[in-house]
Amino acid sequence: ESLHMIQLLAQLEILCKQLYETTDTSTRLQAEKALVEFTNSPDCLSRCQLLLERGSSSYSQLLAATCLSKLVSRTSNPLPLEQRIDIRNYVLNYLATRPKLATFVTQALIQLYARITKLGWFDCQKEDYVFRNVIVDVTRFLQDSVEHCIIGVTILSQLTNEINQADTTHPLTKHRKIASSFRDSSLFDIFTLSCNLLKQVRNLNLNDEGQHGLLMQLLKLAHNCLNFDFIGTSTDESSDDLCTVQIPTSWRSAFLDSSTLQLFFDLYHSIPPSLSPLVLSCLVQIASVRRSLFNNAERAKFLSHLVDGVKRILENPQSLSDPNNYHEFCRLLARLKSNYQLGELVKVENYPEVIRLIANFTVTSLQHWEFAPNSVHYLLSLWQRLAASVPYVKATEPHMLETFTPEVTKAYITSRLESVHIILRDGLEDPLDDAGLVQQQLDQLSTIGRCEYEKTCALLVQLFDQSAQSYQELLQSTNSSTMDAAIQEGRLTWLVYIIGAVIGGRVSFASTDEQDAMDGELVCRVLQLMNLTDSRLAQAGNEKLELAMLSFFEQFRKIYIGDQVQKSSKVRDGFVLDPQHPQMTIKYF
């Protein structure tokens, strides 16, 4: 018997080597075929146990954990309840007695525990739901060494993740039933546990690698709890538009108590910058708690604490030089407006100081256009929402957006123009090549730029005239460099796109004759530039500038020429054909 066991073990060890170490495809394919036979064999369970108990390599432990996961997941001929209970208990004991396994083995065994627990969530033995005592299961890990604590926390984190994710092998209705039951019976206790442990851990020595690892797992656990799909609506993980976290009413106590919010802001300032993005991700979720969780007074108090925390980060911005921190912080700022109204924000005690800090942060971010370009979307989204709210705000407190929004508009426009020279000089990737990103930013700018529109127009007229004049002089000069011409073409390309965007941002009910006249000033300039570029198409056209013109005309047509347009617009009255000067086809009155 023992000889047979030794031979069997040797065969299985070879199989593991072929599966995980070989670079030869045919050997691996044969090994995978053998693995399928191994999983389907009647004594698979005992062989997995043999590998776990006596296997000589981490790969044999990984193979056993993988096969057991497949066994417990199969829908046809499922394992009996007693066997699944035995496997669950065996895995917990195995992890408790071997805290120093290879990371991938620990991970695979925790995944196995999570899978058994999820699939057995409604299984009863003597009127007891045998797989639901998850906090009891991990308590012994949390009372032991740091390594054990990490395993215990990772078990809860992985379980929360596993239950939150629908799998293809089981019907969606079963998944939702399990997820809802887990949410109602266990999730709040797990979240509370993570917060209590974070309060203890923040006083530890974070230079210690183990304690650093424990903190990371605790933050992941808290984030998985806050990121849970509470009501079964988040089907697309990539969408960031689900700005409301549907926290159950039974969780109210955690959010009415300001110490929960304070905990995460304190952690941000006290832990290594490499872990702070996780803290900020948690804060993004907390900031997005559904409005109806609070009454008006409670919401005002919660928002006040939130804004104070944001202010403190802006006053101590050292960690924001890390791109991951910066990105998550931009997401947090965007949530301030997606979840709260401008009328609520202006009533916060420190609002004037905070809006100034946010404006300065945005201006600096836009000026450093090469740093974290994907994060700018969130800042522009914040300002777009703020600017769009101005006509509706009822509060008597000043919102100060007439002061700060033009600064943001100016920073966006001037930074794009200044980038042209550097991109051409250093051969960098041109943002204009990413049409989707440019269009998204222009959509946001179309609303931001209409706030204090006369300032936006004055700036655009000034910059456009400078560039157009330089461009015309370069074209007429005999010894001008192609680089200088390319720079002016690049600047004009941005300006034509931006002019199209701000004209496209016109809202009929809020627009005045003066603003329509300003639109006319801008339109006139683009049409004059088009005359110039059209006259040169035979020698040299600029594709990007032509695309910008098309984008401009699309916006112009939508606002001033389409079927829905009111006929009395000042812009329409302002243009006539001038047959005397075909090179200046448009004259503006």
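**Notebook: a predicted model, residue by residue**

I began with Arg-312 and found this arginine in helix α14, which covers residues 296–315. The model is predicted, and I kept that in mind for every entry.

**Arg-312.** Is Arg-312 buried, exposed or partly exposed? Its relative accessible area is 32%, so I wrote down partly exposed; buried would need a value under 20% and exposed one over 50%. I then looked up its contacts, leaving aside the neighbours within four places in sequence, and listed Gln-262, Phe-265, Asp-266 and His-269. I also checked the distance to Arg-331, which is 19 residues away in sequence. From C-alpha to C-alpha, the two arginines are 16 Å apart.

**Whole protein.** I counted 25 helices and four strands. I looked up the radius of gyration and got 31 Å, whereas a compact globule of 589 residues would have a value near 25 Å. Along the principal axes, the C-alpha atoms fill a box of roughly 105 × 65 × 50 Å. Of the 589 residues, 50% are buried. The exposed surface comes to about 28000 Å², and carbon and sulfur atoms supply 51% of that area. I took the contacts between residues at least 6 apart in sequence and noted that 75% of them join residues at least 24 apart. For the charges, I have 53 positive and 66 negative, with mean positions 5 Å apart.

**Thr-106.** This threonine lies in helix α6, residues 103–119. I noted a relative accessibility of 12%, which is why Thr-106 counts as buried. Which residues does Thr-106 contact, leaving aside its neighbours within four places in sequence? I found Leu-95, Leu-101 and Ile-151.

**Aromatic pairs.** The structure holds 18 of these pairs. I looked at Phe-191 and Phe-255: the ring centres are 6.4 Å apart and the planes meet at 10°, so I entered the pair as stacked. Phe-191 belongs to helix α9 (residues 172–201) and Phe-255 to helix α11 (residues 252–256), so the pair ties together parts that are 64 residues apart in sequence. Phe-191 is buried at 1% relative accessibility, and Phe-255 is buried at 4%.

Next I took Tyr-412 and Trp-494, an edge-to-face pair with 6.5 Å from centre to centre and 85° between the planes. Tyr-412 sits in helix α19 (residues 401–426) and Trp-494 in helix α22 (residues 482–504), 82 residues apart, and the pair links these distant parts of the chain. I marked both Tyr-412 and Trp-494 as buried.

I went back to Phe-191 and Phe-255 and found both in a cluster linked by ring pairs. The other members are Trp-121, Phe-182, Phe-188, Phe-228, Phe-230 and Trp-251.

**Positive phi.** Most residues other than glycine have a negative phi. I therefore wrote down two residues that have a positive one, with the general rule as my reason.

What is the phi of Glu-127? It is near 60°, a positive value in a residue that is not glycine. Glu-127 is in the loop between β1 (124–125) and β2 (128–129). Its relative accessibility is 80%, so Glu-127 counts as exposed.

Glu-452 also is not a glycine, and its phi is positive at about 55°. I found Glu-452 in the loop between α20 (435–448) and α21 (453–476). At 26% relative accessibility, Glu-452 counts as partly exposed.

Definitions and conventions: Residues numbered from 1 in each chain as written. Predicted model: local features only at pLDDT ≥ 70, side-chain atom pairs only at ≥ 80, totals over all residues. Heavy atoms only, no water. Helix = DSSP H or I, 4+ residues; strand = E, 2+ residues; numbered from the N terminus. Rg over C-alpha atoms; globule rule 2.2 N^0.38 Å. Buried < 20%, exposed > 50% of the residue type's maximum accessible area, 1.4 Å probe, protein only. Contact = heavy atoms within 4.5 Å. Areas by Shrake-Rupley, 256 points an atom, 1.4 Å probe, with all protein chains shown as cover. Lys, Arg positive; Asp, Glu negative; His and termini not counted. Charge placed at Lys NZ, Arg CZ, Asp CG, Glu CD. Phe/Tyr/Trp six-rings, centres within 6.5 Å; stacked < 30°, edge-to-face > 60°.
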